[in-house]
Amino acid sequence: MTNIFSYINGSMLIVLLFLNTKLISQEHPLYFKSYSIEEGLSQNTIYSIIQDKKGFIWLATQNGLNRFNGYTFKVWNHDIENPNSLISGFINSLAVDRFNNIWIATITGINCFVQEKNYFRYFNKNKNKLSNNYVKFVFIDSKNYLWAGTQNGLNRTKKQLTISLNDSTLQFIQFTTDSTNKSISNNNINCIYEDENNCLWIGTQNGLNKYNSETKEFEQYFFTKNNTYHKENDINSIVQLKENIFWIATKQGLFELNSFNKKVSRVSDLDIFKNQRITGNFTTLFKESKGNVWIGTQNTGIILYNSKKNSFSVYKKDMLKKHSLNSNYITSIYVDRSSTVFIGSRLGLNTSKTNTDHFETFNLLKDVTSIAGQSKDSVWIGTFSGNLELFNPEKNTFKYFNIPGYSGAKTIMSIYSLLPDSKNQIWIGSLKSGLFLYNYKNKRYKHFMHSKNKNSISANGIFSLAKQGDSILWIGTWGGGVDKLNLKTGIFKNFCLNKNTNDKNKVLVSNIMLDDDNNLWIATWGNGLIKLNTNTFRTIQFKNNPTNRNSISSNYVLVIYFDNSGNIWLGTASGLNKFNLKTQEFSYFGKNIGFKNEFINSIEEDSRHNLWLSTNRGIVKFNITKETVVNFDVRDGLQNYEFNSRANTKLADGKIIFGGISGFNMFYPDSIRQSTFKPNIVISKLQLFYKDVVPGKKYLNNFILKKNIEDTDTLILNYKNNVIGIEFTALDYTKPDMIKYAFRLKGFEENWNQTTYKNRFARYTNLSSGNYILQIKATNADGVWNNNIKELVIIIEAPIWLTVKFWVIIVLVLILSGIIIYKIRTNMLIKQKKLLENLVKIRTEEIENKNSELKEKYEEILTQEEEIREQAAELQNLSDQLREHNESLSKTVKKRTFELERALEKAENAQKMVSSFLANLSHEIRTPMNAIMGFAQIIGNVELNEKKEMNTPQ
């Protein structure tokens, strides 16, 4: 019987030892993903790791400050042209305060990075009374005081940290060593730690110190007999294991201190450390929330202490393992809120998921090609290299079997199928060496090989075996179709499965399964699925039809599985298929519902009727009812990404085993729970017209961001800046590539846009003016959606001529203009009125004067009228006399007839004018001036006539 540890990683332990009550156990496999300068780190040596309030990971290096979001690094470094930049790129330590400011210990002082404003504050010896500018460690205690350990003394701020930072308020009190034993033991400060009782412990280059905040005195602890400098007293890191028990990492070992009785023991004296040759410098310690302690060393990688199992596991750099640590020189450790461990080394950053205990992994360093369960404590395992082993799942032990007398090799080459029976026998199908029946009790075997004999097996590649009762064995061959072996006669009968050709060697059988009706279902590599009726020997073939979506998704079928409900499931090279016996139709499941890989190697069903599938990219849990999937890979503790076809079994207690290219995994399905972690979603970048927008800098003559986009709730953009891009990230570091994202812009669209980690960008072009809300949601690394939705209000300002404000102003201007015009017009009218009144007054006075004059004229006219009447009467009399006189003269003066006739006409005209004047006298009185003028003219004419008459000869 061979112990399991012979087949697991050579670094695992062989013996279980109990020493100092601590159990030494085998290494639990962890997958490490490494990051270095090639992935964007500013420098590979990482001295300190922290996580801020938002969830970002911050890394201190020898050349810059790095912020990690799971995908990319953002770097800050010293900028000689920027007084608000990092003072030095050589960073020793980091701390985060309650305001989410990052405190940075550099070799030239302390920086505080104010994230919201995106600038650095600088504090040093001269301005702030630091004891020394070479700061090795910064720490913020539970009372919100900042502590700084330097090369020349310990420092604490006089006042608690506030949101406002300035040189006058941030002043330091110094603690330095003196001749008494109540001072700090050494001025060279390496680390600061606060225990569960809020007591401070300070590790120096020579001794450990406990600070009494009331007396401001120190209690000194040394790990050698004298108090002079020794590597045992050079303290690197401190953690509290439990009440009164502390572990102290020094340059010469790992110590345990009982603070109650001050007893000291060397933990590094345990056999695990001796067996692993772990000596010398223990660089750093970190205690995670579950109580486990991570121990960093200078030469031997990481040691994980499991507090529940009281055991240690060792992880080292292994050139043969792709996903081992990138270096054995560990400089810093941090476990974040999602249980991801971050390990800083001399060669970069390592990350790993810590909660992988639910998958038991056996790294046999062998390609497990076949598994067959026989009982709860017996599982047969066959490997590609021909090893046959019996595994006891209860004891985790292995028994190795070698088939004696097999010609050509000591072991069977490449075991691809196993079928145990109840007679202490096991059928073994190989890749090229035919079929074996091995009795493991008496160690005898039978060997069946293909020959020219028509009753022999049809091919030497045996991929699948199935028994029908006690007398028939069905054999799926690789290249020879299906054989039926009569166990009583030992005669093989071959069945040609390809109706289109007589060349039976072209049929490659991957898997065979018998149903309750004695139908043999045959999975082939290239010929689809074949159903063989073992009574009539008739076959029905199902092949892919590209024009029929209800046909099988691939002709390359690897595995057949009957679930408890009688459904037939097929694992193909192009996804999972469900076959409906009634409709004879296939349903496809693959990348359309979230499969990371569609090459389905094995299928098992759990007690909750979920299907568990092994693939070429890990294990998939498929919920049949909800049609949802969860993908697991090496980061969850799997033996490798790739598993092998039909290398699987399910034990009576429900435990499932899948075999792969590096060993096998064993697990209880109910113990594999999806993470409930809800990652914080942050907006990490803003782009306008595909250019990054930086806080505090102008873009198109405008300050778009006054503070970081991560701290911005509302984004106000000019209507010209309506082509925007926003990058977002869910801060879950366990498996960031497994996170799914969705986003939508409310006010623009109602449906969510699904995307992956490769395209974490929301882009919108030519948005019209208005108010929008960008909503972003994400799953965690296990694909679980949550209600943690990030929102950003986006306001696109309208052009000035389209705004209500503009039109309100226009209306107000028009109203004001109307009022002004009204006022001006009213004033003008008032002035005009006054002017008119004055004119009317003047005119009235003139009219009154004229009326007086006219009245006088009128009276004169009346007088003249009487005179004219009298004159008219006289003229009438005169006219009568003249008529009489003319009559008398006509007789006597004929010569003057013509002149007399003319005179007579003139007289008649004058008479008419007088008559007209008299008739219109009342009208002419209204216009006295015209009357007077007319009258004057008449008088003139009369006078002229009189003169003429007088001059007329009688």
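# Burial, charge and patches in a predicted model

Trainee: At 36% relative accessibility, Lys290 is classed as partly exposed. What kind of model is this, and how are the residues numbered?

Mentor: This is a predicted model, in which local features need pLDDT of at least 70, side-chain atom pairs count only at pLDDT 80 or more, and totals for chains, interfaces and linings use all residues. Side-chain values use heavy atoms, with hydrogens and water left out, and residues are numbered along each chain, as its sequence is written, from 1.

Trainee: With which residue does Lys290 form a salt bridge, and is that partner buried or exposed?

Mentor: A salt bridge is a side-chain nitrogen of Lys or Arg within 4 Å of a carboxyl oxygen of Asp or Glu. The closest N and O atoms of Lys290 and Glu288 are 3.9 Å apart, so the pair meets that rule. Buried means under 20% relative accessible area, exposed over 50%, and partly exposed in between, using a 1.4 Å probe and protein chains only. Glu288 has 5% relative accessibility, so the partner, Glu288, is buried.

Trainee: How many salt bridges are there?

Mentor: The pair of Asp633 and Arg635, with closest N and O atoms 2.6 Å apart, is one of them. Both of these residues are buried. By the rule given, the salt bridges come to 20.

Trainee: Which residues share a salt-bridge network with Asp782 and Lys735?

Mentor: Asp782 and Lys735 form a salt bridge of 3.5 Å, N to O. This pair links distant parts of the chain, 47 residues apart: Asp782 is in the loop between β68 (770-778) and β69 (790-796), and Lys735 is in the loop between β64 (724-730) and β65 (740-746). Asp782 is buried at 5% relative accessible area, and Lys735 is buried at 0%. Through salt bridges with shared partners, the network also takes in Lys353 and Asp636.

Trainee: How many helices and strands does the protein have?

Mentor: Helices (H or I, at least four residues) and strands (E, at least two) are DSSP runs, numbered from the N terminus. One of the helices is α3, residues 804-892, which holds Glu856. The totals are six helices and 69 strands.

Trainee: Which residues form the negative surface patch around Glu856?

Mentor: Patches are made of residues with over 30% relative accessible area and no salt bridge; like charges are joined within 9 Å, and nonpolar side chains (Val, Leu, Ile, Met, Phe, Trp, Tyr) within 5 Å. Asp and Glu count as negative and Lys and Arg as positive, while His and the chain ends are not counted; a charge is placed at NZ of Lys, CZ of Arg, CG of Asp or CD of Glu. Glu856 is partly exposed at 49%, so it passes the area limit. The patch is formed by Glu853, Glu856, Glu859 and Glu860.

Trainee: Which residues gather with Lys758 in a patch of positive charge?

Mentor: Lys758 is in the loop between β66 (753-756) and β67 (761-764). With a relative accessible area of 68%, Lys758 is exposed. Its companions in the patch are Lys322, Lys596, Arg617 and Lys740.

Trainee: What is the area of the nonpolar surface patch that includes Ile815?

Mentor: Ile815 lies in helix α3 and is partly exposed at 45% relative accessibility. Val804, Val808, Val811, Leu812 and Ile819 make the patch together with Ile815. Accessible areas come from the Shrake-Rupley method with a 1.4 Å probe, and for residues only the protein chains shown count as cover. The patch covers about 530 Å².

Trainee: What is the phi of Asn310, and what is that of Phe537?

Mentor: Most residues other than glycine have a negative phi. Asn310, buried at 19%, is in the loop between β26 (302-306) and β27 (311-315). Phe537, partly exposed at 32%, is in the loop between β46 (529-533) and β47 (539-542). Both have a positive phi without being glycine: Asn310 about 55°, and Phe537 near 60°.

Trainee: How far apart in space are Ile512 and Leu465?

Mentor: Ile512 lies in strand β44, residues 509-514, and is buried at 1% relative accessible area. Contact means heavy atoms within 4.5 Å; beyond its neighbours within four places in sequence, Ile512 is in contact with residues including Leu465, Trp474 and Trp521. Ile512 and Leu465 are 47 residues apart in sequence, and their C-alpha to C-alpha distance is 6.8 Å.

Trainee: What share of the residues of the protein counts as buried?

Mentor: The protein exposes about 47300 Å², of which carbon and sulfur atoms supply 50%. Of its 954 residues, the share that counts as buried is 50%.
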